[in-house]
Amino acid sequence: LRVTGRMDFTDKFVITSPAIMEGLYATVPVQITMGMLLGKVSLSQLSTVSFICVLAYGVNFWICTYILGAYDNVGGSCIIHLFGACFGIGCTLKASLKGSAENPDNAARYNADVMAIIGTILNWMTFPTFNAYYAPAAVQQAVVINTYLSLFSSCVASMIFSSLYSGQFKLDPADIQRSSLAGGVAISSVASLFARPPTAMIIGLLGGFVCSTAHHFLRRLLEKKLAVTDTVGAISLHALPGLLAWVCGIIAVWPLNEEYNGRWSSVSAGSVQTRTLPFGAEMDLIFLHSQGNGDTALYQVYLAPVTMVIGLVAGFIAGLVANFIKGPSVARTFSDSMYWIVPEDFQMTEDMTMSTAAK
């Protein structure tokens, strides 16, 4: 609440429903970062990283929204998804122990994957409201419908490409969990304000394809070449579909010109306005830069590079700080028994795995 959704740096702030929602949205990059660090850091390290992540999120939000004047309030493709993934990448480069990726427990378990499908279903159901909460009132319904259609398409894409990439024409549960949600991320930009149903479905199809492809081919490549370990696949679900959403948003606003300027720009502009945005939205009320000379698209272009730089640098700093806090050894990474009470047989299995990893 102290660092998000503010236009000034005064000592006073008012707790309102929108302010609370801003605080809730600020936790999403933390969850994305946690997904990348899961099993490799201690709770105290994770708490420290989370605190820095929220601060960095607030700074990035303030710069992108109030200084640059870019618009990313329809799901936060860059400010939320891309930022969280970049922060996680920067953090895992310093906070993750070398050799932790080779731990035998750094692998999916079938029963856990099946249970995680329940969380996927809940995310799938609530994604449209997540994207539409800050959308202009005139287009909220359109954003909800576009998000659902995009999610439908990404589900279809996840089934197709997961079966193709498996080599056995069978579905990979971990792939389905991510790729079926990728459509919600892929349409979480200004594109959802403009998209017609066929366009939304195409975007969702591309999101599912990108996520599934990254899950099968990019994740291990990053581990081997760049030492970027991504426990739950946040890069494939949030970074790449978020970049896709950013590109789609730029394409959507690229044609905007002075013909869209309405009465909210000036009385003279309103009298000669010849074109309007889809679903009755007004360009002047949505975009800070709405002169109609290409400035709207230009500032959307700045959105992703600025977010990536801030996220990577802040994440790297958070990783450096986390290194000063005691964490698990390589043999104890991905071990539930460090922080949870587990059954005796489960404890014995973990001890055997850790002794094998230590050798």
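Select Asn-293 in this predicted model: the residue lies in the loop that runs between helix H10 (283-286) and helix H11 (295-322). Asn-293 has a relative accessibility of 62% and therefore counts as exposed, the cut-off for that class being over 50%. Add Trp-254 to the selection and draw a distance between the two C-alpha atoms. Asn-293 and Trp-254 are 39 residues apart along the chain, and their C-alpha atoms are separated by 9.9 Å.

Next, move to Ser-77, which belongs to helix H3 (residues 77-95). Is Ser-77 buried or exposed? With a relative accessibility of 1%, Ser-77 counts as buried, since the limit for that class is under 20%. Display its surroundings: leaving aside residues up to four places away in sequence, Ser-77 touches Asp-72, Leu-82, Ser-188, Ser-189, Gly-242, Ala-245 and Trp-246.

Keep H3 on display and add helix H2 (residues 43-68). Two packed helices are described by the angle between their axes and the distance between the axes. For H2 and H3 the angle is about 135 degrees, and the axes are 11 Å apart. The two helices are therefore oblique to each other, and H2 passes H3 in a right-handed crossing.

Finally, show the side chains where these helices meet. Which residues of H3 should be selected for the contact with H2? They are Ile-79, Ile-80, Phe-83, Phe-87 and Cys-91. On the H2 side, select Val-49, Ile-52, Cys-53, Ala-56, Tyr-57, Asn-60, Phe-61, Cys-64 and Thr-65. Coloured by class, the residues of this contact divide into 12 nonpolar and 2 polar, with no charged residue.

Terms used:
Residues are numbered from 1 along each chain as its sequence is written. This is a predicted model: local features need pLDDT of at least 70, side-chain atom pairs count only at pLDDT 80 or more; totals for chains, interfaces and linings use all residues. Side-chain values use heavy atoms; hydrogens and water are left out. Helices (H or I, at least four residues) and strands (E, at least two) are DSSP runs, numbered from the N terminus. Buried means under 20% relative accessible area, exposed over 50%, partly exposed in between (1.4 Å probe, protein chains only). Contact means heavy atoms within 4.5 Å. Axes are lines fitted to C-alpha atoms, for helices over the stretch in contact, and angles run from 0 to 180 degrees between N-to-C directions. Angles under 35 degrees count as roughly parallel, over 145 as roughly antiparallel, 65 to 115 as roughly perpendicular and the rest as oblique. A crossing is left-handed if the near helix is turned anticlockwise from the far one by less than a right angle, and right-handed if clockwise. Ala, Val, Leu, Ile, Met, Phe, Trp, Tyr, Cys and Pro count as nonpolar, Asp, Glu, Lys and Arg as charged, and the others, Gly among them, as polar.
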